Amino acid sequence: RTVYLNGDYLPEAEAKVSIFDRGFVMADAVYEVTSVLGRQILEFDGHLARLTRSLEALGMKNPMDRAEWLAIHHKLVELNDIDEGLIYLQVSRGNGGDRDFAYPPEGTPLTVVLFTQAKPGLADNPQAKTGIRVISIPDLRWGRRDIKTVQLLYPSMAKMEAKHQGVDDAWFTEDGFVTEGTSNNTYIVKDGKIVTRQLSNDILHGITRASLLRYAAEAQMQIEERPFTIAEAQAADEAFFTSASAFVMPVVEIDGVKLGSGKPGPVAARLRELYLEESR
Ligand code: PDD
């Protein structure tokens, strides 16, 4: 695999970053995951806008303009011959020269890394037909989940707990309400109405979420943005989640309770189709 590191395209084994990089010792870095379908990059502008927002929230400046970012994305797709897959992008505050809680001096170069992950069958994911089972787990992440940082230890722990319990993923809850999934935004459907938590610092402002809600509104579907509980989700007709890597993914079981028919429902199926049509 050929990866991008600070201006260079390198074989992955040659892409080296300092052990004093703040991304490594402080998780002082932000990231984006963008999908590629039929060699096309989906939602590029949405991901770039959120990257800029995450960087600014942490006092970093976006180191490149749109054309430069886009050129790197295209070149990596080409060099790695990616038809279906993901592009991972990470910007860290760079090499601090030592381990120090204080940021390195202004002007310290940021560390920019991008790599691709081939995922043949991303669009035709068989899990979209069977649905996914989740458990609920208390949301013990920090209070700025709207910033897409690489502090992913707790979501990783939640994912492992789900696997230990024999299911696929976890939904986080706080004050009795679902915040989001380990790496996705969450929804329920009741009597045809789509319910999803409103945007705030409590959740990541999903790029897939924003587009999907727009497509759903254009298709005259009803949407309510408010928090919901696990009990409400278990009593819903359908549930699903969205992310750049899963698009729209039906959820058929929450904490051992089957939803509706126990099979992926028609609204999630329609939204998945709608998203895959409209975003390409
Ligand atoms: N995760 N919420 C969280 C906590 C996420 O990590 C993600 C994305 C989302 C969905 O956002 P988007 O639709 O922009 O992908 C919501 C990526 C895919 C990841 O960490 O791999």
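Two strands pair if DSSP finds at least two bridges between them. Helices (H or I, at least four residues) and strands (E, at least two) are DSSP runs, numbered from the N terminus. This is a predicted model: local features need pLDDT of at least 70, side-chain atom pairs count only at pLDDT 80 or more, and totals for chains, interfaces and linings use all residues. Residue numbers start from 1 along each chain as its sequence is written.

**Exercise 1. Trace the pairing of strand 1.**

Step 1. Take strand 1 (residues 2–5) and strand 2 (residues 8–11): they run antiparallel, joined by four bridges. Thr2 stands opposite Pro11 in strand 2.

Step 2. Look at the turn. The two strands form a hairpin with two residues between them. Asn6 in this turn has a positive phi of about 45 degrees.

Step 3. Now turn to strand 6 (residues 111–118). Two bridges join strand 1 to strand 6, and these strands also run antiparallel. Tyr4 has Leu114 of strand 6 as its bridge partner.

**Exercise 2. Describe how domain 1 meets domain 2.**

Step 1. Set the bounds, which come from an automatic or database domain assignment. Domain 1 covers 2–118 and domain 2 covers 127–278. Their C-alpha centres lie 26 Å apart.

Step 2. Count the contact (C-beta atoms, placed from the backbone, within 7 Å). Domain 1 gives 18 residues and domain 2 gives 11 residues.

Step 3. Find the elements on the domain 1 side. Strand 3 (29–37), helix 2 (44–57) and strand 5 (85–92) each give two or more residues. Strand 3 has the largest share, with seven residues.

**Exercise 3. Work out how helix 6 sits against helix 8.**

Step 1. Two packed helices are described by the angle between their axes and the distance between the axes. Axes are lines fitted to C-alpha atoms, for helices over the stretch in contact, and angles run from 0 to 180 degrees between N-to-C directions.

Step 2. Read the values. The axes of helix 6 and helix 8 (residues 266–278) come within 10 Å and cross at roughly 105 degrees. Helix 6 is therefore roughly perpendicular to helix 8; the class spans 65 to 115 degrees.

Step 3. Name the contact residues. Helix 6 uses Ser211, Leu212, Tyr215 and Ala216. Helix 8 uses Leu271, Leu274, Tyr275 and Glu278.

**Exercise 4. Identify what surrounds the ligand.**

Step 1. A residue is near a molecule if its C-beta atom, placed from the backbone, lies within 6 Å of it. 14 residues surround the ligand, and the closest are Leu204, Gly206, Ile207, Thr208 and Ala244.

Step 2. Assign elements. Helix 6 (207–218) and strand 13 (238–243) each supply at least two residues of the shell. Helix 6 gives the most, three residues.

Conventions
Angles under 35 degrees count as roughly parallel, over 145 as roughly antiparallel, 65 to 115 as roughly perpendicular and the rest as oblique. Two residues are in contact if their C-beta atoms, placed from the backbone, lie within 7 Å.
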